[in-house]
Structure formats: structure tokens, C-alpha cells
Amino acid sequence: MTTMFRADRREFLRVSAIAGGGLLLGTYIEGASAAEAFASGTRGTALADFAPNAFIRMTPDGIVTIVGKNPEIGQGVKNMLPMLIAEELDVEWKNVRVVQGDLDTTKFEAQFAGGSTATPTNWLPMRRVGAAGRAVLVAAAAETWGVPASECTTAAGVVHHRASGKQAPYTELLARAATMTAPALNTVALKDPKDFTIIGKTTRGVDVPAIVTGKPLFGIDVTVPGMLYAVYQKCPVFAGKATSANLDAIKAIPGVKHAFILEGTSNLAGLVGGVAIVADSWWTAQSARKQLKVTWNEGATASQSSAGFQAQSEALAAQAPQRSLRKDGDVAAAFGAAGVKVVKAAYYYPFISHATLEPQNCTAHWSNGKMEIWCPSQTPAGGRTLVARTLGIPEEAITVHLTRMGGGFGRRLYNEPMVEAAAIAKEVGVPVKLVWSREDDMTYDQYRSAGWHYFTGAVDGSGKLVGWRDHFVSFGEGNNFAPSAGMGGADFPARFVPNFALDASVMPLGVPTGALRAPGSNGIAYAVQSFIDEMAEAAGKDPLQFRIDILSNQAVPDPAPAQGQQGPQNLLDARRMIGVLELVREKSGWGKPLPKGTGMGVAFHYSHRGHFAEVVQATVAKDGELKVDKVWVAGDIGSVVINPSNAENQTQGAVIDGIAEALGQEITIENGRAVQTNFNRFPLIRLRESPPVEVHFRITEFAPTGLGEPALPPVVPALCRAIKQATGKRVRTLPLSKHDLSWKA
């Protein structure tokens with residue numbers, strides 16, 4: 001079969017196979033296995049033996065082709081990982097060509113996008129891949145010249161021997177290098193960061209030309225010869241089942257090729273039961289769906305609603321909590337001490353949809369016992385496993401091609417479109433492209449969970465925060481939270497308040513929840529940092545300085561690392577957080593005089609190994625119209641910012657995302673189904689609403705970390721505090737569109 005994507009890869013392999021003098025470097029598995037795998041591509045085997053388990057190919061024309069192994073969701077990983085390799089290989093970036101690797105975890109190990117993990121998990125391994133390649137080329141030059149390899153250096157794709165003045169471009173060394181054994185990856189020497197020529201330099205996205213010229217690139221662009229198009233109608237109530245449908249009438253519609261019911265499973269992140277319609281165009285299939293008449297068994301979730309959840313939450317908050325997540329000191333004594341000021345407040349944040357611009361989609365082809373899949377998935381390996389288990393197909397019989405994604409934000413961690421497309425393709429036996437409509441996407445999301453926080457806090461006569469209790473009400477069963485609906489005992493302000501209690505109660509939920517950019521943190525930070533503001537107000541202190549004061553007086557030592565964990569470095573580091581607070585205070589001009597109706601707010605949050613503090617300036621007109629004037633961001637992501645322009649873009653995108661969530665995004669549940677089904681009732685932020693976002697990074701000695709998520713959480717509470725200063729009104733529930741922000745002079 002020939003497809004747009006396969007053609008590119010096959011062309012790459014064909015060129016690779018015929019190009020003389022090529023050098024192929026293999027997997028980055030550590031230790032002996034790495035050496036063996038690496039060597040298998042570099043000993044004097046025929047080039048035709050070089051399989052696509054490679055990160056690097058160098059050809060005599062000077063072009064260096066590097067495989068990007070991870071899915072690209074717009075986070076810049078397709079540039080970043082090859083940059084690490086190219087840096088240590090010591091070639092010029094202008095000579096690098098990046099190709100997207102297919103799913104092959106045997107050769108590439110982990111291939112996923114999520115949790116801002118690409119940088120911390122690949123920072124050393126991918127550099128070692130490049131360094132090992134450089135070592136082979138140096139060895140080839142040394143052997144050629146009869147000099148010690150230790151006397152040779154490299155720069156911009158050239159090996160130098162300063163003592164003799166000899167030099168050779170890599171292109172002249174490829175044939176000899178291909179006969180040599182590469183060193184084990186854990187033995188190679190890495191560059192001194194002061195010698196970096198690619199890392200730390202702005203690098204344009206490798207897909208930008210294709211994006212701006214509209215070339216096929218995303219999953220929804222995939223075209224396969226003989227392909228049909230599918231839609232999949234599921235019950236509007238989560239977990240509901242189709243019992244019957246007017247299938248004969250649907251199949252009689254011109255252009256419709258198939259219509260059938262799939263039983264499905266009970267996994268709400270898997271194959272849910274529904275009705276498939278397959279036609280010669282997506283428009284025909286979608287039009288036919290409008291004539292579909294289905295009898296549904298809606299099931300138990302039909303009795304659930306957002307109003308019901310709110311009532312249950314209030315009832316749970318009035319009772320003793322179901323369990324304790326953490327307890328330090330004596331909270332009751334702190335609240336009852338003489339001279340303390342006690343504050344109580346309840347906060348709420350709603351369900352939110354991911355709302356990716358590219359709707360969920362997948363193309364699949366079942367033929368001769370093999371399944372071939374093209375899918376924009378953040379977890380293609382998980383999708384392959386899901387398909388295998390659901391449809392009874394060996395994983396070895398499933399090929400998954402990675403495509404770029406038009407937005408992920410955690411939504412594509414889940415692979416319902418992949419298993420649905422595979423099930424439909426298996427039924428009809430020809431290639432099928434399944435595309436969800438916008439309504440499908442918003443109606444069958446794995447939503448950011450709603451949550452409630454019932455706070456009590458106490459400050460003493462000196463303005464010190466001395467007591468904190470949070471009765472957190474969420475969803476789950478027993479001691480388990482629903483996916484991405486929980487919080488942990490280490491979350492701030494744990495360790496920084498001498499008398500601290502975090503309790504939890506949960507209620508059952510039939511609505512699927514999951515990770516949304518900065519999962520957990522995107523709601524928790526709003527509630528916690530907003531209540532910190534209330535405590536600062538009670539203490540009569542500046543809210544930014546109040547935060548620094550809390551961080552400066554760590555009340556409880558860092559816990560010992562749990563078995564298998566990295567230890568305290570996975571917790572908020574007070575020194576680093578104070579550093580970004582000081583930086584954002586300086587850059588924003590915090591404390592400057594502001595006109596009436598304008599306010600500034602500050603907040604910080606630690607998540608995904610990133611320390612971020614942000615200041616928001618906002619203006620509220622007397623009639624309540626809100627304008628976010630500007631956002632200042634200070635972040636600490638370690639010792640180097642790998643691609644500065646991408647880092648700035650990621651940070652700005654996260655901030656804009658957070659503002660959009662705060663302004664008007666909410667999914668409400670009625671009768672077990674989502675009320676908001678499209679952008680007209682779930683607004684994305686518009687250009688005119690997006691403020692300038694000024695980004696500053698504080699360079700520290702820590703290893704580099706990722707940026708997809710940690711800049712989002714602080715912006716929401718900072719915005720709410722700015723509104724409080726501008727209007728005098730405290731925002732304790734989201735979204736802001738439900739509040740009257742008008743004020744009188």
C-alpha cells in the first residue's frame with residue numbers, strides 16, 4: 001500500500017539503502033545492550049542491512065538525517081530531541097533533516113508526549129547518542145592519520161588534529177566509520193555546556209514550512225488509496241449502549257457503504273458501544289448520521305448532573321472527611337489560639353473540555369491479519385495495546401504511524417479514536433478514516449475534573465500563616481480518586497505551615513475525567529493560591545511578600561524519598577520559587593501605582609518539575625468588562641533553555657490557555673450528558689482577548705526540565721487577584737463569565 005506518510009519514510013529508507021558511505025547509529029538503550037544495538041548498525045555490514053532503528057544517518061552529501069522519536073503535539077519535541085543529538089554529534093543545524101519515526105518501542109524505547117517529560121527524560125540519553133556518533137568519527141579520523149583519538153577535536157562537522165594541522169570533514173570519514181564499533185553510550189564524554197552551538201540557540205520548527213503552506217502533516221490529512229470515511233455515534237449519556245437502530249434505512253442512503261452496531265466495552269477510554277456509519281465521503285457519513293434513529297439504554301449515569309454534584313459536595317463538606325491525606329502539627333489548636341485571625345472560604349472549579357482544534361481522528365486498515373494505523377496520538381504504544389486487547393489482535397501485527405497533532409493538551413493521551421477506527425476497519429476490511437465532529441469531541445471528552453476546596457486558615461498577630469486546613473471534595477471511589485481528579489499530601493502549602501491538614505472526600509462519577517494541560521494543578525493552583533491571597537489580606541501584608549515569607553519559613557522538613565522516587569528534588573524547592581517571585585516582582589514593577597479599576601495579582605505554582613511565578617495586570621470597566629492588560633512570567637526550568645523561541649512560545653501558550661479556561665470555559669452535566677457541545681458555548685480565547693506575555697527564565701544549576709505545562713497554573717489565581725484589586729470582588733468559583741464584575745467608584 002502506498003500512502004502519503006509511508007511514501008516519505010520509504011523514500012528515506014530507499015535513499016538510505018543506496019547511499020554509499022552512510023553511517024547509521026542505533027538505539028540509545030543504556031549499557032551492553034545499547035552497545036550491541038549501536039554496533040549492529042556500524043560494523044561493516046551492508047548498508048541494506050541498516051534497519052530504521054536509527055536516530056542518525058549521515059550521507060556523503062553532508063546531510064544529517066535524524067529521527068524524531070516522540071509524538072509532536074506542538075510542544076517542539078520534533079526539534080528539541082534532534083537538537084540534542086546534533087549538538088553532541090557536532091554538526092551544523094543547517095545540515096540536519098528531521099524525519100518522524102514510527103512507533104517502535106523496541107528500538108526507540110519510550111515514545112509518548114505528556115507530563116512535560118521529554119526534556120528531563122531525554123536530556124542525557126539523546127546527547128549520548130550524538131556523542132557516540134562523534135566518537136566514531138573521531139576514531140575514524142585518528143585511525144586514518146595514525147594519531148591518538150584523544151588528540152583530535154571536532155567542530156561543525158569537521159575533525160581536527162591540531163598537532164599536525166590535519167583536518168577532515170565527516171563526509172570523508174563515513175566509509176571508515178561504518179566499519180568501526182561504537183562505544184557504549186554510558187561511556188561517552190559529553191560536551192561542556194559552554195561549547196554548545198545548537199542547544200540554547202533559537203531554532204525554527206522543522207514543520208513550520210509545511211504548516212504555513214498547508215501541506216499534509218496532521219492525522220486528519222492522511223489519505224490512503226481505496227479509503228472510506230466513518231462517523232461513530234455513541235450514546236449521549238456516558239456508558240450508554242445502543243440496543244437497536246434503523247440500519248437498513250441508513251444503508252439505503254446513496255454513498256453509504258456500511259452501517260452497524262458495535263457492542264463495545266465498559267472502558268470509557270476505550271471502545272464504547274455505538275453505531276458506525278461508513279461512506280464514500282465523511283460528509284455523506286455525517287449527513288446520514290442526522291437520519292439515524294437509535295434506541296439507547298442510557299444506564300445509571302443518566303441520573304447524574306452538575307447541580308447534583310454541587311449538592312453532594314456541600315453535604316460531604318459538612319461531614320467528617322472520608323480520609324486524611326496529610327496532617328502536621330495541631331490544626332484545631334492553631335485555629336483556637338488567642339490572637340489568631342481565622343478565615344474560611346469555599347472554592348470551586350468546573351469540568352473543562354480539551355477542545356483541540358484538530359478533532360479526534362484515526363485512519364486504520366485491516367488486511368491479511370495485519371492492522372495498520374495512522375493516528376495523532378500522544379500515547380501510540382498505549383493505543384496499540386488497547387487495540388490489541390480490545391480486538392484480539394497480537395501487538396506484533398499492529399503497525400502505528402505517528403502523525404503531527406493539531407493540539408493535544410492531554411486529550412490524545414487517550415485512544416478511543418484509534419480503537420474505534422480499528423474496530424470499524426476490521427469490520428469492513430478496507431482502509432477507513434474515522435473523524436469525530438466537533439460535537440463528538442466535546443461531548444465524549446475525558447474532561448478536566450471539577451473540584452471543591454473548603455478552606456480554613458489562620459494568621460497570628462504578626463501576620464504569619466500558622467494554620468491551614470483544606471477539605472478537598474472530588475470524585476472517586478473508596479481511597480481512589482477519579483483519573484486526574486486528586487491531589488497529594490505534598491502539594492503546597494504542605495511543609496510550609498506548622499499546623500496543616502489536607503483531608504479528602506469523594507463522590508461517585510460516571511463522567512470520564514483525564515489529564516488536561518497541567519493536570520490537577522490547573523484547578524488546585526487556582527483554589528490554593530487564591531486562598532493564600534485571602535490569608536495575606538487577613539494578615540495585612542503584600543500578597544507577593546506574604547508568599548516569600550511563607551516559603552522562607554519551611555515548617556516541616558522535606559520527606560525522605562520514597563522507594564524508587566527521586567526524592568525532594570521532585571518537590572517544590574523554596575529557594576527556586578523565591579527566586580522566580582523576586583524576578584517577576586522586578587520585571588513587572590510590582591507595587592507600582594495603578595489607576596482605579598486596574599489591579600495586579602501574583603501567584604506561583606510548582607508542577608512538572610518547573611517553578612513558575614506570574615503577575616497579571618487587568619482592568620475592569622465599571623460595567624464589568626474585563627481586559628487582561630499584560631502578564632509577566634518568571635520561570636526556573638534549570639541550567640539551560642534548549643530552544644529559546646520554542647520555550648517562549650510554550651510559556652505564552654500555557655498562559656493564554658489558562659486565561660481562556662478562567663474566562664468562560666465550563667462543561668456542565670445534565671442527565672448524564674454534556675450540555676456544551678461546541679465553541680459557541682465553550683469559547684476559546686480570541687486574539688483581541690489575548691494579552692502580551694513577557695517571559696523571563698532564571699538560569700540555575702539544576703538539570704533542564706520541560707515546559708508544556710508548568711506555566712499554566714499560576715495565571716488563573718493571579719488574574720483573580722488582579723480582579724479583586726480592581727473591583728473589590730473576590731472570585732471563588734470559575735468561570736469568570738458567570739460573575740458580575742461591575743463596580744462603583
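Colleague: Which backbone oxygen lies 2.7 Å from a polar atom of the side chain of Asn79?

Modeller: The backbone oxygen of Arg204 does. This is a predicted model, and the distance of 2.7 Å is computed from its atoms. The limit for a polar contact is 3.5 Å, and 2.7 Å falls within that limit.

Colleague: Why is Asn79 called buried?

Modeller: Asn79 is part of helix 3, and its relative accessibility is 4%. Buried means under 20%, so Asn79 with its 4% counts as buried.

Colleague: Which residues does Asn79 contact, once its neighbours within four places in sequence are set aside?

Modeller: They are Trp93, Thr203, Arg204, Gly205, Val206 and Asn643. There is also a relation to Asn646: 567 residues separate Asn79 and Asn646 in sequence, while their C-alpha atoms are 9.3 Å apart in space.

Colleague: Let's stay with helix 3. How do you know that it meets helix 5, and at what angle do they pack?

Modeller: Contact needs heavy atoms within 4.5 Å. Residues of helix 3 that meet helix 5 include Val77, Leu81 and Leu84, and among their partners in helix 5 are Trp123, Met126 and Gly130. The angle is about 35°, and the axes are 6 Å apart. As for handedness, helix 3 passes helix 5 in a right-handed crossing. Sorted by class, this contact has 12 nonpolar, 4 polar and 3 charged residues.

Colleague: On to the rings. How many aromatic pairs are there, and why is Phe309 with Phe475 called edge-to-face?

Modeller: The count is 17 aromatic pairs. In the pair of Phe309 and Phe475, the ring centres are 4.9 Å apart and the planes stand at 75°. Centres must lie within 6.5 Å to pair, and planes over 60 degrees apart count as edge-to-face. Both conditions are met, so the pair is edge-to-face.

Colleague: What makes this pair a tie between parts separated in sequence?

Modeller: Phe309 sits in helix 10 and Phe475 in strand 20, so the pair ties together parts that are 166 residues apart in sequence. Ring pairs also link both of them with Tyr348, Phe351 and Trp452 into a cluster.

Colleague: Are Phe309 and Phe475 buried or exposed?

Modeller: Phe309 has 2% relative accessibility and counts as buried. Phe475, at 0%, is buried as well.

Colleague: What makes Arg547 a buried residue, and which side chain does its own side chain meet in a polar contact?

Modeller: Arg547 belongs to helix 16. Its relative accessibility is 1%, and buried means under 20%, so Arg547 counts as buried. Its side chain makes a polar contact with the side chain of Gln529, at 2.8 Å.

Colleague: And why does Arg404 count as buried?

Modeller: Arg404 is in the loop between strand 17 and helix 13. At 16%, its value is under the 20% limit, so Arg404 counts as buried.

Colleague: What about Phe409 in that loop: why is it called partly exposed?

Modeller: Phe409 is found in the loop between strand 17 and helix 13. Its relative accessible area is 28%, and partly exposed covers values between 20% and 50%, so Phe409 is partly exposed. Its phi is near 55°, a positive value in a residue other than glycine.

Colleague: Where else is phi positive in a residue that is not a glycine?

Modeller: One such residue is Ala156, with phi of about 50°. Ala156 lies in the loop between strand 5 and strand 6, and at 40% relative accessibility Ala156 counts as partly exposed.

Methods
Residues numbered from 1 in each chain as written. Predicted model: local features only at pLDDT ≥ 70, side-chain atom pairs only at ≥ 80, totals over all residues. Heavy atoms only, no water. Axes fitted to C-alpha atoms, helices over the stretch in contact; angles between N-to-C directions. Helix = DSSP H or I, 4+ residues; strand = E, 2+ residues; numbered from the N terminus. Left-handed = near helix turned anticlockwise from the far one by under 90°. Nonpolar A, V, L, I, M, F, W, Y, C, P; charged D, E, K, R; others polar. Buried < 20%, exposed > 50% of the residue type's maximum accessible area, 1.4 Å probe, protein only. Polar contact = N/O pair within 3.5 Å; in protein donor to acceptor, adjacent residues only side chain to side chain. Phe/Tyr/Trp six-rings, centres within 6.5 Å; stacked < 30°, edge-to-face > 60°.
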